[in-house]
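Work through the exercises below with the sequence and the model open beside you. Try each task before reading its solution.

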Amino acid sequence: MILSWFRQNQRDFGIARASWLFWRVAWRRARVVTSNRLLPARHECPCCGWTGRRFLDYIEMGYTASNTACPRCDSHSRHRALFLWLRDKYDLAQKKGTALILAPERALAPLWAGAPLLRSYKIDVEANRGVDVLADVTYLPFATNVADLIWCHHVLEQVEDDVAALKEFYRVLVPDSGELVISAGLNAQAVTREFGFSNRELSGNRRAYGADFAARLANAGFDVTAVSHDLSQEDYQKFGIVPEKFYRCRKTGAK
Ligand SMILES: [Zn+2]
(Lines give C-alpha, C1' and ligand atoms only; values in the text may rest on other atoms or scores of the structure.)
Protein backbone atom coordinates (compact mmCIF):
# COMPACT_ATOMS: atom_id res chain seq x y z
CA MET A 1 0.00 0.00 0.00
CA ILE A 2 2.81 2.42 0.87
CA LEU A 3 4.57 1.35 -2.31
CA SER A 4 1.54 2.09 -4.49
CA TRP A 5 1.08 5.45 -2.71
CA PHE A 6 4.72 6.27 -3.43
CA ARG A 7 4.47 5.18 -7.06
CA GLN A 8 1.37 7.33 -7.59
CA ASN A 9 3.18 10.37 -6.17
CA GLN A 10 6.21 9.57 -8.30
CA ARG A 11 4.00 9.52 -11.41
CA ASP A 12 2.29 12.79 -10.44
CA PHE A 13 5.22 14.81 -9.13
CA GLY A 14 8.50 13.10 -10.07
CA ILE A 15 10.99 11.13 -7.98
CA ALA A 16 12.52 14.08 -6.10
CA ARG A 17 9.26 15.52 -4.79
CA ALA A 18 7.80 12.05 -4.12
CA SER A 19 10.89 11.15 -2.04
CA TRP A 20 10.67 14.42 -0.11
CA LEU A 21 7.00 13.70 0.66
CA PHE A 22 7.78 10.14 1.73
CA TRP A 23 10.40 11.23 4.27
CA ARG A 24 8.18 14.03 5.54
CA VAL A 25 5.34 11.56 6.17
CA ALA A 26 7.69 8.97 7.72
CA TRP A 27 9.34 11.44 10.08
CA ARG A 28 6.10 13.01 11.31
CA ARG A 29 4.47 9.61 11.69
CA ALA A 30 7.38 8.31 13.79
CA ARG A 31 7.10 11.35 16.04
CA VAL A 32 3.37 10.80 16.63
CA VAL A 33 3.74 7.04 17.19
CA THR A 34 6.45 7.71 19.80
CA SER A 35 4.40 10.29 21.68
CA ASN A 36 1.40 7.92 21.65
CA ARG A 37 3.58 5.25 23.29
CA LEU A 38 5.10 7.52 25.92
CA LEU A 39 2.58 10.19 26.85
CA PRO A 40 -0.88 10.04 28.44
CA ALA A 41 -3.92 10.03 26.12
CA ARG A 42 -5.63 13.29 25.21
CA HIS A 43 -7.80 12.26 22.29
CA GLU A 44 -10.41 9.65 21.52
CA CYS A 45 -11.92 8.47 18.23
CA PRO A 46 -15.70 7.99 18.56
CA CYS A 47 -15.78 5.85 15.40
CA CYS A 48 -13.50 3.04 16.60
CA GLY A 49 -12.74 3.76 20.27
CA TRP A 50 -9.02 4.45 19.79
CA THR A 51 -7.43 6.66 22.46
CA GLY A 52 -4.02 8.31 22.37
CA ARG A 53 -1.96 11.44 22.66
CA ARG A 54 -2.27 12.64 19.05
CA PHE A 55 -3.94 11.71 15.81
CA LEU A 56 -1.63 11.23 12.82
CA ASP A 57 -0.82 14.16 10.58
CA TYR A 58 -2.47 14.04 7.15
CA ILE A 59 -0.02 15.07 4.47
CA GLU A 60 -0.45 15.57 0.76
CA MET A 61 1.83 17.39 -1.63
CA GLY A 62 -0.30 20.55 -1.44
CA TYR A 63 -1.17 20.68 2.26
CA THR A 64 -0.64 19.29 5.74
CA ALA A 65 -3.26 18.87 8.46
CA SER A 66 -1.74 18.18 11.87
CA ASN A 67 -3.31 15.91 14.49
CA THR A 68 -5.99 14.67 12.07
CA ALA A 69 -6.14 10.96 11.10
CA CYS A 70 -7.12 8.20 13.54
CA PRO A 71 -4.30 5.61 13.60
CA ARG A 72 -6.82 2.78 13.79
CA CYS A 73 -9.75 3.65 11.47
CA ASP A 74 -8.29 6.59 9.52
CA SER A 75 -11.18 8.90 10.48
CA HIS A 76 -10.55 12.62 10.05
CA SER A 77 -12.19 15.52 11.88
CA ARG A 78 -15.25 15.58 9.62
CA HIS A 79 -15.76 11.79 9.82
CA ARG A 80 -15.76 11.94 13.61
CA ALA A 81 -18.17 14.90 13.61
CA LEU A 82 -20.52 13.23 11.12
CA PHE A 83 -20.32 9.93 13.02
CA LEU A 84 -21.53 11.62 16.20
CA TRP A 85 -24.26 13.50 14.32
CA LEU A 86 -25.54 10.39 12.49
CA ARG A 87 -25.57 8.35 15.67
CA ASP A 88 -26.81 10.86 18.23
CA LYS A 89 -28.78 13.54 16.37
CA TYR A 90 -30.01 11.84 13.20
CA ASP A 91 -30.68 8.55 15.04
CA LEU A 92 -29.52 6.51 12.05
CA ALA A 93 -30.07 3.14 13.75
CA GLN A 94 -33.86 3.72 13.63
CA LYS A 95 -34.10 4.90 9.98
CA LYS A 96 -36.04 3.05 7.29
CA GLY A 97 -36.09 3.26 3.51
CA THR A 98 -33.31 3.55 0.94
CA ALA A 99 -29.97 5.29 1.43
CA LEU A 100 -27.43 6.04 -1.30
CA ILE A 101 -23.98 6.46 0.22
CA LEU A 102 -21.59 8.14 -2.18
CA ALA A 103 -17.84 7.53 -1.74
CA PRO A 104 -18.50 5.61 1.50
CA GLU A 105 -16.26 6.54 4.40
CA ARG A 106 -14.57 3.59 6.11
CA ALA A 107 -14.95 5.15 9.55
CA LEU A 108 -18.75 5.35 9.18
CA ALA A 109 -19.23 1.74 7.97
CA PRO A 110 -20.26 0.41 11.43
CA LEU A 111 -23.08 2.95 11.59
CA TRP A 112 -24.60 1.96 8.24
CA ALA A 113 -24.27 -1.71 9.22
CA GLY A 114 -26.08 -0.93 12.48
CA ALA A 115 -29.23 0.39 10.73
CA PRO A 116 -31.04 -2.89 9.93
CA LEU A 117 -34.19 -1.31 8.47
CA LEU A 118 -32.30 0.89 6.03
CA ARG A 119 -31.42 -0.46 2.55
CA SER A 120 -28.00 1.09 2.01
CA TYR A 121 -26.22 1.19 -1.35
CA LYS A 122 -22.54 2.13 -1.24
CA ILE A 123 -21.66 3.85 -4.50
CA ASP A 124 -18.30 4.88 -5.93
CA VAL A 125 -16.58 5.30 -9.29
CA GLU A 126 -13.85 2.88 -8.18
CA ALA A 127 -14.24 -0.66 -6.89
CA ASN A 128 -12.90 -0.10 -3.41
CA ARG A 129 -14.17 0.61 0.11
CA GLY A 130 -16.71 -2.23 -0.15
CA VAL A 131 -18.90 -0.56 -2.77
CA ASP A 132 -22.14 -2.18 -3.95
CA VAL A 133 -22.67 -0.08 -7.09
CA LEU A 134 -20.08 1.29 -9.50
CA ALA A 135 -21.43 4.57 -10.80
CA ASP A 136 -20.65 8.17 -11.59
CA VAL A 137 -22.60 10.73 -9.55
CA THR A 138 -23.79 12.42 -12.72
CA TYR A 139 -25.55 9.22 -13.78
CA LEU A 140 -26.95 7.15 -10.90
CA PRO A 141 -28.48 3.81 -11.93
CA PHE A 142 -31.58 4.35 -9.79
CA ALA A 143 -35.16 5.23 -10.62
CA THR A 144 -36.64 8.65 -9.98
CA ASN A 145 -37.96 9.50 -6.47
CA VAL A 146 -36.49 6.44 -4.69
CA ALA A 147 -33.82 7.67 -2.26
CA ASP A 148 -34.85 8.58 1.28
CA LEU A 149 -31.30 9.64 2.03
CA ILE A 150 -28.37 10.64 -0.17
CA TRP A 151 -25.11 10.92 1.75
CA CYS A 152 -22.45 12.91 -0.09
CA HIS A 153 -19.43 14.42 1.64
CA HIS A 154 -16.35 15.90 0.01
CA VAL A 155 -17.24 14.39 -3.35
CA LEU A 156 -18.64 17.25 -5.39
CA GLU A 157 -15.38 19.24 -5.51
CA GLN A 158 -13.85 16.36 -7.50
CA VAL A 159 -16.69 16.05 -10.00
CA GLU A 160 -16.18 17.73 -13.35
CA ASP A 161 -19.84 18.69 -13.85
CA ASP A 162 -21.13 19.35 -10.32
CA VAL A 163 -24.35 20.95 -11.63
CA ALA A 164 -25.20 17.69 -13.41
CA ALA A 165 -24.51 15.74 -10.20
CA LEU A 166 -26.87 17.95 -8.17
CA LYS A 167 -29.52 17.56 -10.85
CA GLU A 168 -29.15 13.79 -10.59
CA PHE A 169 -29.44 13.89 -6.77
CA TYR A 170 -32.60 15.95 -7.17
CA ARG A 171 -34.04 13.40 -9.58
CA VAL A 172 -33.55 10.31 -7.41
CA LEU A 173 -34.54 11.88 -4.08
CA VAL A 174 -37.98 11.10 -2.63
CA PRO A 175 -40.02 14.34 -2.72
CA ASP A 176 -40.67 16.16 0.58
CA SER A 177 -39.37 13.59 3.08
CA GLY A 178 -36.15 12.55 1.30
CA GLU A 179 -32.92 14.28 2.29
CA LEU A 180 -29.61 14.99 0.64
CA VAL A 181 -27.02 15.43 3.41
CA ILE A 182 -24.00 17.04 1.85
CA SER A 183 -20.76 18.89 2.51
CA ALA A 184 -17.81 19.88 0.38
CA GLY A 185 -14.36 21.36 0.75
CA LEU A 186 -15.01 25.05 1.38
CA ASN A 187 -12.47 27.85 1.35
CA ALA A 188 -12.82 31.17 3.14
CA GLN A 189 -13.75 33.07 0.01
CA ALA A 190 -17.18 34.29 -0.98
CA VAL A 191 -17.22 32.73 -4.41
CA THR A 192 -16.31 29.25 -5.62
CA ARG A 193 -12.98 29.07 -7.39
CA GLU A 194 -12.86 26.72 -10.39
CA PHE A 195 -9.40 25.26 -11.09
CA GLY A 196 -10.32 24.07 -14.58
CA PHE A 197 -8.44 20.79 -14.01
CA SER A 198 -8.09 17.98 -11.46
CA ASN A 199 -5.52 19.35 -8.99
CA ARG A 200 -3.34 16.40 -7.93
CA GLU A 201 -1.80 18.44 -5.11
CA LEU A 202 -5.27 18.86 -3.57
CA SER A 203 -6.67 15.31 -3.71
CA GLY A 204 -7.69 15.75 -7.34
CA ASN A 205 -10.14 18.55 -6.53
CA ARG A 206 -11.46 20.56 -9.47
CA ARG A 207 -12.65 23.53 -7.42
CA ALA A 208 -12.72 25.07 -3.95
CA TYR A 209 -16.26 26.01 -3.00
CA GLY A 210 -16.83 29.39 -1.39
CA ALA A 211 -19.63 30.78 0.76
CA ASP A 212 -21.90 30.46 -2.29
CA PHE A 213 -22.06 26.66 -1.87
CA ALA A 214 -25.51 26.80 -0.19
CA ALA A 215 -26.79 29.05 -3.00
CA ARG A 216 -25.57 26.49 -5.55
CA LEU A 217 -27.59 23.80 -3.76
CA ALA A 218 -30.64 26.08 -3.79
CA ASN A 219 -30.12 26.77 -7.50
CA ALA A 220 -30.42 23.04 -8.11
CA GLY A 221 -33.94 23.26 -6.67
CA PHE A 222 -33.36 22.14 -3.07
CA ASP A 223 -34.68 23.66 0.14
CA VAL A 224 -31.42 24.01 2.05
CA THR A 225 -30.82 23.99 5.80
CA ALA A 226 -27.31 24.55 7.16
CA VAL A 227 -26.33 22.34 10.08
CA SER A 228 -23.76 23.27 12.68
CA HIS A 229 -22.43 20.85 15.24
CA ASP A 230 -23.17 21.76 18.83
CA LEU A 231 -20.70 19.73 20.87
CA SER A 232 -19.07 21.06 24.03
CA GLN A 233 -15.60 22.56 23.80
CA GLU A 234 -14.28 19.55 25.74
CA ASP A 235 -15.75 17.15 23.18
CA TYR A 236 -14.38 19.13 20.21
CA GLN A 237 -10.98 18.89 21.86
CA LYS A 238 -11.24 15.25 22.92
CA PHE A 239 -12.53 13.98 19.57
CA GLY A 240 -10.19 16.19 17.53
CA ILE A 241 -13.03 17.94 15.68
CA VAL A 242 -12.80 21.25 13.87
CA PRO A 243 -16.47 22.15 13.25
CA GLU A 244 -17.44 22.23 9.60
CA LYS A 245 -20.81 23.17 8.14
CA PHE A 246 -22.91 20.70 6.23
CA TYR A 247 -26.34 20.90 4.63
CA ARG A 248 -29.65 19.05 4.70
CA CYS A 249 -31.50 19.49 1.41
CA ARG A 250 -35.06 18.54 0.55
CA LYS A 251 -37.00 18.45 -2.65
CA THR A 252 -40.26 20.16 -1.86
CA GLY A 253 -42.91 21.31 -4.28
CA ALA A 254 -41.56 19.02 -7.04
CA LYS A 255 -43.96 18.33 -9.87
ZN1 LIG B 1 -10.80 5.65 14.78
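**Exercise 1. A residue after a helix**

Is Asp91 buried, partly exposed or exposed?

*Solution.* Before starting, note that this is a predicted model, in which local features need pLDDT of at least 70 and side-chain atom pairs count only at pLDDT 80 or more, while totals for chains, interfaces and linings use all residues. Residues are numbered from 1 along each chain as its sequence is written, and side-chain values use heavy atoms, with hydrogens and water left out.

Begin with the cut-offs: buried means under 20% relative accessible area, exposed means over 50%, and partly exposed lies in between (1.4 Å probe, protein chains only). Asp91 has a relative accessibility of 37%, so it counts as partly exposed. Next, place Asp91 in the chain, where it lies in the loop between α3 and β5 (97–102); helices (H or I, at least four residues) and strands (E, at least two) are DSSP runs, numbered from the N terminus. Finally, look at the backbone: Asp91 has a positive phi of about 60° although it is not a glycine.

Asp74 can be treated in a similar way. It is found in the loop between β4 and α3, its phi is positive at about 70° although it is not a glycine, and its relative accessible area of 41% makes it partly exposed.

**Exercise 2. The helix between these loops**

Find out whether the length of helix α3 agrees or disagrees with the expected span, and state what covers its buried residues.

*Solution.* First, the expected span of a helix is 1.5 Å times one less than its number of residues. Helix α3 (residues 77–89) has 13 residues and should therefore span 18 Å, and the 17 Å between its end C-alpha atoms agrees with this. Second, list the buried residues of α3, which are Ser77, His79, Arg80, Ala81, Leu82, Phe83, Leu84, Trp85 and Leu86. Third, look for contacts, meaning heavy atoms within 4.5 Å: the cover over these buried residues includes β4 (64–69), α4 (109–113) and β8 (149–153), together with β9 (179–183), β12 (223–227) and β13 (246–250).

**Exercise 3. Cysteines with and without a metal**

Identify the protein donors of the zinc ion and the geometry they form, then explain why Cys47 has no disulfide partner in Cys45.

*Solution.* Donors are N, O and S atoms within 2.8 Å of the metal (3.2 Å for Na, K and Ca), and because water is not among the atoms, sites may look incomplete. The protein donors here are the SG atoms of Cys45, Cys48, Cys70 and Cys73, lying 2.3 Å from the zinc ion, and their spacing along the chain is C-x2-C-x21-C-x2-C. Four donors count as tetrahedral if all angles lie between 85 and 135 degrees; the angles around this zinc ion run from 102 to 114°, which makes the arrangement tetrahedral. Of these donors, Cys70 is buried at 3% relative accessibility, and Cys73 is buried at 9%.

For the second part, a disulfide is a pair of cysteine sulfur atoms within 2.5 Å. The closest cysteine sulfur to that of Cys47 belongs to Cys45 and is 4.1 Å away, which is too far for a bond. A search of the whole structure finds zero disulfides. Cys152 is likewise in no disulfide, since its nearest cysteine sulfur, in Cys249, is 9.9 Å away.

**Exercise 4. Charged pairs**

Which helices or strands hold Asp57 and Arg28, and which hold Asp162 and Arg216?

*Solution.* A salt bridge is a side-chain nitrogen of Lys or Arg within 4 Å of a carboxyl oxygen of Asp or Glu, and by this rule the count comes to 13. Asp57 and Arg28 form one, with 2.8 Å from N to O. Asp57 is in strand β3 (residues 56–59) and Arg28 in helix α2 (residues 15–38), so the pair ties together parts that are 29 residues apart in sequence. Asp57 is buried at 11% relative accessible area, and Arg28 is buried at 14%.

Turning to the second pair, the closest N and O atoms of Asp162 and Arg216 are 3.1 Å apart in their salt bridge. Asp162 belongs to helix α5 (residues 162–172) and Arg216 to helix α6 (residues 213–219), so this pair ties together parts 54 residues apart in sequence. Asp162 is buried at 7%, whereas Arg216 is partly exposed at 25%.

Note on methods:
Four donors count as tetrahedral if all angles lie between 85 and 135 degrees; four count as square planar and six as octahedral if opposite donors are over 155 degrees apart and all others between 65 and 115; anything else is irregular.
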